[in-house]
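User: Please take a close look at one part of this model, the central strands and the elements that flank them, and set it within the whole chain. I would like a connected account, with each term defined where it is used.
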Amino acid sequence: MNNVCAGHPGFTVPARSTTSFTPSADFNGALTPITNGILGTRFEINMAVGCADPARTPNCHIPLGGTFYDASMEMGVSAATLGPRDNRRLPDGRPSLAGEQDPLAKANAAWLRSPHRWELLRYPRYLVAHRGERLVWVYSDKDAPFVVRTFFQLEAGFQAYMAPGSVEGWKPRTALEKQLTKAQDEKSVWVHTQDMVIMVY
C-alpha cells in the first residue's frame with residue numbers, strides 16, 4: 001500500500017495476509033495497492049471532517065468519529081474494496097463498499113450490451129476482448145478516453161471515480177458529461193465509524 005498523496009513509502013502486505021494500520025483520528029490521505037509496480041484502485045480516506053456537536057454548530061451536520069471515503073480509478077484499476085468493518089449499509093440503503101471485488105467480471109456483465117464495443121476496442125491499453133466477445137483485460141488511468149470512462153462508470157457501474165467529478169472543479173457541458181459527473185459525485189460517501197477495511201483480491 002502506498003500513500004500517494006503525501007509520497008509516503010507505504011508498507012507491504014504479503015499475499016493471503018492481513019495487517020493493521022492505525023492513523024490519527026484526523027487522518028486525511030489516500031492508500032493505493034501497488035502490484036508489480038502497477039498502480040491499482042486508490043482509496044481516498046478523510047477522518048478529519050466533523051464537529052463535536054452538530055446540533056449546536058451552524059452549517060455542520062456531520063458528527064466527529066466518522067469517515068468520508070471513496071475509491072478512485074483515475075490512476076489505476078484493481079480488484080480491491082474499502083468499507084466499514086461491519087459492512088453496514090449507507091443511510092439511503094446502498095451497500096457501503098467502494099471499489100470492485102472483480103472489475104473484470106463487472107465489465108464483462110455490461111460488455112455485450114454496450115453500443116460502444118467497437119469504439120472501445122480501439123483502446124487496448126484499457127480494454128482487451130477475446131474475439132470481441134469477452135473482456136480479458138480492463139484498466140484505466142488519467143489518460144483514459146471519455147468513452148472508456150463512460151463505459152466503466154455508467155454502463156458497467158463501477159463503484160469508483162473514473163474522472164475528477166465536480167469536487168475537483170470539472171465543469172460538464174453535455175448531457176452525458178452531466179450524467180457522468182452525477183454518477184461520480186455519488187461515489188463519495190460517509191459512515192459513522194473509523195473502523196475501515198481494505199480488501200485486495
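Analyst: Two strands are said to pair if DSSP finds at least two bridges between them. The strands themselves (E, at least two residues) and the helices (H or I, at least four residues) are DSSP runs numbered from the N terminus. The model is a predicted one, in which local features need pLDDT of at least 70, side-chain atom pairs count only at pLDDT 80 or more, and totals for chains, interfaces and linings use all residues. Residues are numbered from 1 along each chain as its sequence is written, and side-chain values use heavy atoms, with hydrogens and water left out.

The frame of the whole chain comes before the detail. The chain holds four helices and eleven strands. Its radius of gyration (taken over C-alpha atoms) is 18 Å, close to the 17 Å given for 201 residues by the globule rule, so the chain is as compact as a globular protein of that length. That rule is 2.2 Å times the number of residues to the power 0.38. The C-alpha trace spans about 60 × 45 × 30 Å along its principal axes. Of the 201 residues, 41% are buried, where buried means under 20% relative accessible area, exposed means over 50%, and partly exposed lies in between (1.4 Å probe, protein chains only). Contacts (heavy atoms within 4.5 Å) with a separation of 6 or more come to 57% from residues 24 or more positions apart.

Strand β4 (residues 42-46) is the starting point of the close view. Five of its five residues are buried. R42, E44 and N46 point one way from β4, F43 and I45 point the other way, and all are buried.

On one pairing of β4, strand β1 (residues 28-31) runs antiparallel to it, with four bridges joining them. Here N28 stands opposite N46. β4 also pairs in the antiparallel sense with β5, over five bridges. In that pairing, F68 of β5 is the bridge partner of N46, while I45 stands opposite Y69. N46 can therefore be followed from N28 in β1 to F68 in β5, a reading that rests on the bridge definition above.

Strand β5 (residues 67-72) has five of its six residues buried, so the rest of the structure largely encloses it. Besides β4, β5 pairs in the antiparallel sense with strand β10 (residues 189-191), over three bridges. Y69 stands opposite V189 in that pairing, and Y69 also faces I45 of β4. The order of pairings can be traced from β1 to β4, from β4 to β5 and from β5 to β10.

The view now turns to the helices. Helix α3 (residues 146-155) is mostly covered, with seven of its ten residues buried. The buried residues are V147, V148, R149, T150, F151, F152 and Q153. They pack against α1 (103-111), α2 (117-120), β8 (127-130), β9 (134-138) and α4 (175-185). Just after α3, G157 takes a positive phi of about 75°.

One residue of α1 can be located against this helix. K106 is found in α1 and is partly exposed, with a relative accessible area of 26%. K106 and F152 lie 46 residues apart in sequence, with a C-alpha to C-alpha distance of 8.9 Å. With neighbours within four places in sequence left aside, the contacts of K106 are E100, A156, G157, F158 and Q159. G157, the residue with the positive phi, is one of these.

Two further residues belong to elements against which α3 packs. V136 lies in strand β9 and is partly exposed, at 39% relative accessibility. Leaving aside neighbours within four places in sequence, V136 is in contact with L104, V128, A129 and H130. V136 and Y126, ten residues apart along the chain, have C-alpha atoms separated by 11 Å. Q184 is found in helix α4 and counts as buried, at 0% relative accessibility. The C-alpha atoms of Q184 and A160 are separated by 7.2 Å, although the two residues are 24 residues apart along the chain.
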